[in-house]
Amino acid sequence: MQWTDLKAALLSTGSASLSGEPAEQFIARSSAGPGAGGSGAVFFARGGHRVKLALDPLSRIEIVHRGNGVADLCYEGTLTRGRLLEPGFHCPDQAFITVTGSCIFSCRYCTVPRLGGRRKTIEEIMEMVGSVRDRIGAISITSGVLESIEEEESYVLEVVKHLRVFDLPLGVSIYPTATTPDSLKELGVAEVKFNLEVATPGLFAKMCPGLDYDRLWQVLDRSVKLFGKNRVFSNVIVGLGETDAELETCIEKLTSLGVIPVLRPLNPVAERAGTPRPSAERLKKIFDIHARALATAGLDPRLAVTMCTSCTGCDLVPGRDS
Ligand code: SF4
């Protein structure tokens, strides 16, 4: 089976059971984003490709760990030999750290506000990165919002100042103020990701009460001017009720600005629990639209060095999953 077809099918399911030899060292635990707080996930790789699957003993996809990371993935009676990847923090090859594990906002697809996590101290973060320094190539930072958008930004800027000592590419994804891109650029951050999350302003108003869609577009535009093409990203969730045409319009608007969209299949949690995940066919169709839009704009996801477009665990990424 072609990797793109297999990955679309796996992302459409989103989970796998895990059996065989003990595999604790391969299990990633997430404290950020819509998948936060689950029972863990694994990264299954075939050749240079990978996919992240949440662990679920009832999943129709089975991964059997044969030992030393070698694993067989069983999907619809077909066996794929691959390997499990060891996460740095959260994902392989990177320390991807959530600074604040709680949020004052309540986006309807996200579990973070319900988890009531805490803010990590700068000392803790430095220690975490230091502990995996020899097996990562980048540091990525994300955060909920503890008190206010402005207060969160200033704390994250402090964190970033400290992390520069590791001399690794830094990627930052937070909910921005109007001046966040400028502040991050001044600190030497390599890449930024400001997430639209939703394809249309109407859906955004329903899904993300209290947040400002227009500001995200303005900040993305400013970011490309500062960081350049191929260094600015934005997550858009697939499966929140948008049509393919609406998604295509959003993708093309992003790429024409110079932003690389990260098209994230809906993980139906929080208030979206029970909503079907997007089908493999839809993910493939969106993948083709995405690839065309990137090519037209001269954007190349293979150049990403931090965050999700570099990781590729949760999404189909043109150029990397082709
Ligand atoms: S694609 Fe992004 S959210 Fe998914 S595991 Fe990788 S870094 Fe984390």
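Here are two friendly exercises on the cavities of this predicted model.

**Exercise 1. Find the largest cavity and work out what surrounds it.**

*Solution.*
Step 1: Begin with the whole structure, where a search turns up two cavities of 30 Å³ or more.
Step 2: Pick the largest cavity, whose volume is about 70 Å³.
Step 3: Collect its lining, which is made up of Leu11, Val238, Leu263, Pro265, Leu283, Ile286, Phe287, His290, Asp315 and Leu316.
Step 4: Map these residues onto secondary structure: β14 (260-265) and α9 (280-297) are the elements that give two or more residues to this lining. The largest share, four residues, comes from α9.
Step 5: Sort the lining of the largest cavity by class, and you get eight nonpolar residues, one polar and one charged. Asp counts as charged, so Asp315 fills the charged place in this lining.

**Exercise 2. Do the same for the second largest cavity: which element gives the most to its lining?**

*Solution.*
Step 1: Take the volume of the second largest cavity, about 30 Å³.
Step 2: List the residues around it: Ile260, Pro261, Val262, Leu263, His290, Pro301, Thr309, Asp315, Leu316 and Val317.
Step 3: Assign them to elements; β14 gives the most, with four residues.
Step 4: Split the lining of the second largest cavity by class, which yields seven nonpolar, two polar and one charged.
Step 5: Now set the two lists side by side. Leu263, His290, Asp315 and Leu316 line the largest cavity, and these residues also line the second largest cavity.

Note on methods. Residues numbered from 1 in each chain as written. Predicted model: local features only at pLDDT ≥ 70, side-chain atom pairs only at ≥ 80, totals over all residues. Heavy atoms only, no water. 1 Å grid on protein atoms, 1.4 Å probe; cavity = no way out; pocket = protein on both sides within 12 Å on 5 of 7 lines; lining within 4 Å. Points joined across faces, edges and corners; volume = space filled by probe spheres on them.
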